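Work through these exercises with the model open beside you. Try each task before you read its solution.

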Amino acid sequence: MPVPKRKDWETTAEGFINRWQFPNCIGAIDGKHVVIQAPPNSGSVFFNYKHTFSVVLMAIVDHMYCFTVIDVGAFGSCSDGGIFARSQIGRQMDSNELDIPPYQQLPGAPEIGKLPFVALGDEAFPLKINLMRPYPGQHLCERKRIYNYRLSRARRVVENAFGILAARWRIYQRRIQLQPQNVDKIIKATCALHNFLQKASQSAQMTQTNETVNAQESAISLQDMQ
């Protein structure tokens, strides 16, 4: 999985505005708990709030359901916000090491000025210069509801990517009974192979609709962060 360059982010942003109508977007970000057998003599280090043992897969996904950047191996006992803050993705985003393109005007809105490129997260993620999340609360004005809908629609690609991953690799259909360091290697390998198959597919959209239907329900090893 190559380290993305500025040109790669720009290609992803173009894909998001053409396919999902969300400008200045470099990807959707989310994390999953990968359930494992309790490692010996590990105490509660890997024990999460869902009462299972896990390591965490954090990922940024592009508009075609491919993993752009992943971070694997965080302890399941860490909080959602803490996992992102301590992850390589979070640290590099804060220190501007991801080679994200410079600010750019939104299409059709030059009066707003230039705005940063952002990754899209859900309510579990903090609001940052290069990280966008939905407006909180339920009683929102129409403008904010439309924005939340657009963000949720574009951010759904990361959920679909996890669903396709679980449908393709049946090791995610059960608790993984390996040492954590070997689980990390399996996760990285399946993510890289997932990208290869997505790019080789004639129709990524058809792949998504056909394979994701039952994946979320049957993926025993992949649990939501929230």
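Four exercises follow, each with a worked solution.

This is a predicted model, in which local features need pLDDT of at least 70 and side-chain atom pairs count only at pLDDT 80 or more, while totals for chains, interfaces and linings use all residues. Residues are numbered from 1 along each chain as its sequence is written, and side-chain values use heavy atoms, with hydrogens and water left out.

**Exercise 1. The whole chain**

Task: State how many helices and strands the chain has, and what share of its residues is buried.

Solution:
- Step 1. Take the elements from DSSP runs: helices are H or I with at least four residues, strands are E with at least two, and numbering starts at the N terminus.
- Step 2. The chain has seven helices and eight strands.
- Step 3. Apply the burial cut-offs: buried is under 20% relative accessible area, exposed is over 50%, and partly exposed lies in between (1.4 Å probe, protein chains only).
- Step 4. Of the 226 residues, 49% are buried.

**Exercise 2. Two hairpins**

Task: Find how β2 pairs with β3, and how β4 pairs with β5.

Solution:
- Step 1. Two strands pair if DSSP finds at least two bridges between them.
- Step 2. β2 (residues 54-61) and β3 pair in the antiparallel sense over seven bridges. Isoleucine 60 faces valine 69 in β3.
- Step 3. Five residues lie between these strands, and tyrosine 65 has a positive phi near 70 degrees.
- Step 4. β4 (residues 104-106) and β5 (residues 109-115) are also antiparallel, with three bridges. Glutamine 104 has leucine 115 as its bridge partner.
- Step 5. Two residues separate β4 from β5, and glycine 108 in the turn has a positive phi of about 75 degrees.

**Exercise 3. One residue in a helix**

Task: Is isoleucine 83 buried or exposed?

Solution:
- Step 1. Locate isoleucine 83 in helix α2 (residues 80-86).
- Step 2. Its relative accessibility is 4%, so isoleucine 83 counts as buried.
- Step 3. Glycine 73 is ten residues away in sequence and 9.9 Å away in space, C-alpha to C-alpha.

**Exercise 4. The cores**

Task: Which residues have the most contacts inside the largest nonpolar core?

Solution:
- Step 1. A nonpolar core is a set of buried Ala, Val, Leu, Ile, Met, Phe, Trp, Tyr and Cys residues joined through side-chain atoms within 4.5 Å.
- Step 2. The largest has 33 residues, and Val34, Leu57, Phe67 and Ile187 have the most contacts inside it.
- Step 3. α4 gives the most to this core, with nine residues.
- Step 4. A second, separate core has 19 residues, among them Val56, Ala74, Phe84 and Phe117.
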